[in-house]
Amino acid sequence: MGYELVFRAASAAEFRARVAADPVVAAFRDAGGGEPTPEVAGAVARTALAMGEEAGRTGHSSAGGDRFREELFDGVLAGLLGADVADHLLSRNLEGIVWNDYPMVGFVLADELAEALAKTGDDRPDDLDEDDAEVIDAVLAALRKVADAGQDVVTVYA
């Protein structure tokens, strides 16, 4: 089994409004929020995947999750994009939902994305192995595609 991180070029404001209006999410939020039930997580992920246009995807095997999150996102991408942006690509608190398990949903606003990409330039570390370089290249290509369209990016990590 593997996991994928899907990038969607979509309006984060519209996404957030749709999620807030979802009766399952509203009931969860009104009950105090926290780690979502499978029904809440599924509703949010389905909403995200139905919005906008896919800009790219990348992933890892079930055994590669710690490396993917800790070394590539918390390490390489945090260094390139900033820690908040790298973290928000994997998950971002939303309507009282705190993501601790799959699926996780995140988003980065267009201005946050543009600022982060302006810092990265065209460089990524040269010392990455081929698989890691492929992941970083896929993430940066998806983010550039979204930024070039002037959109927010909404992600689903499942």
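A salt bridge here is a side-chain nitrogen of Lys or Arg within 4 Å of a carboxyl oxygen of Asp or Glu. The model is a predicted one, and ten such bridges turn up in it. One of them joins aspartate 129 to arginine 67, with N and O 3.7 Å apart. Since aspartate 129 sits in the loop between helix 6 (110-120) and helix 7 (130-148) while arginine 67 belongs to helix 4, the pair ties together parts that are 62 residues apart in sequence. Both partners have some access to the outside: aspartate 129 is partly exposed at a relative accessible area of 39%, and arginine 67 is partly exposed too, at 34%. The pair doesn't stand alone, as salt bridges with shared partners link Arg67, Glu71, Asp129 and Asp132 into one network.

Helix 4 also has a bridge within its own length. Arginine 69 and aspartate 66 meet through their side chains at 2.8 Å, N to O; both lie in helix 4 (residues 65-81), three residues apart, or about one turn. That spacing makes sense, because an α-helix has 3.6 residues a turn and residues three or four places apart point the same way. Aspartate 66 has a relative accessibility of 49%, so it still counts as partly exposed, the cut-off for exposed being over 50%. Elsewhere, arginine 29 and aspartate 30 form a salt bridge at 3.5 Å, again N to O. Arginine 29 is partly exposed at 29% relative accessibility, whereas aspartate 30, at 62%, counts as exposed.

Turning to the sheet, four strands make up an open, antiparallel arrangement in the order 2-1-4-3. Strand 2 (53-61) and strand 3 are the edge strands; each has a single partner, so one side of each is left without a neighbour in the sheet. From one strand to the next, the twist averages 20°. Strand 1 and strand 4 are joined by six bridges in the antiparallel sense, and valine 6 faces valine 156 of strand 4.

Then there are the helices. Helix 3 (residues 38-50) runs for 13 residues and covers 18 Å between its end C-alpha atoms, close to the 18 Å expected at 1.5 Å a residue. Its buried residues are Val40, Ala41, Gly42, Ala43, Val44, Ala45, Thr47 and Ala48. The cover over these comes from elements including strand 1 (2-10), helix 1 (12-21), helix 2 (23-30), strand 3 (104-108) and strand 4 (152-157). After helix 3 comes glycine 52, with a positive phi near 55°.

Helix 7 gives a similar length check: its 19 residues should span 27 Å at 1.5 Å a residue, and the end C-alpha atoms are 26 Å apart, which agrees. Buried along helix 7 are Asp132, Ala133, Val135, Ile136, Val139, Leu140, Ala142, Leu143 and Val146. These residues pack against strand 1, strand 2, helix 4, helix 5 (83-90), helix 6 and strand 4. Asp132 thus appears both among the buried residues of helix 7 and in the salt-bridge network with Arg67.

As for the interior, the largest nonpolar core counts 52 residues, with Phe15 and Leu81 having the most contacts inside it. Beyond its neighbours within four places in sequence, leucine 81 touches Leu89, Ala116, Leu117, Lys119, Thr120, Leu140 and Leu143. Two of these contacts, Leu140 and Leu143, are buried residues of helix 7.

Definitions and conventions
Residues are numbered from 1 along each chain as its sequence is written. This is a predicted model: local features need pLDDT of at least 70, side-chain atom pairs count only at pLDDT 80 or more; totals for chains, interfaces and linings use all residues. Side-chain values use heavy atoms; hydrogens and water are left out. Helices (H or I, at least four residues) and strands (E, at least two) are DSSP runs, numbered from the N terminus. The expected span of a helix is 1.5 Å times one less than its number of residues. Buried means under 20% relative accessible area, exposed over 50%, partly exposed in between (1.4 Å probe, protein chains only). Contact means heavy atoms within 4.5 Å. A nonpolar core is a set of buried Ala, Val, Leu, Ile, Met, Phe, Trp, Tyr and Cys residues joined through side-chain atoms within 4.5 Å. Two strands pair if DSSP finds at least two bridges between them. Axes are lines fitted to C-alpha atoms, for helices over the stretch in contact, and angles run from 0 to 180 degrees between N-to-C directions.
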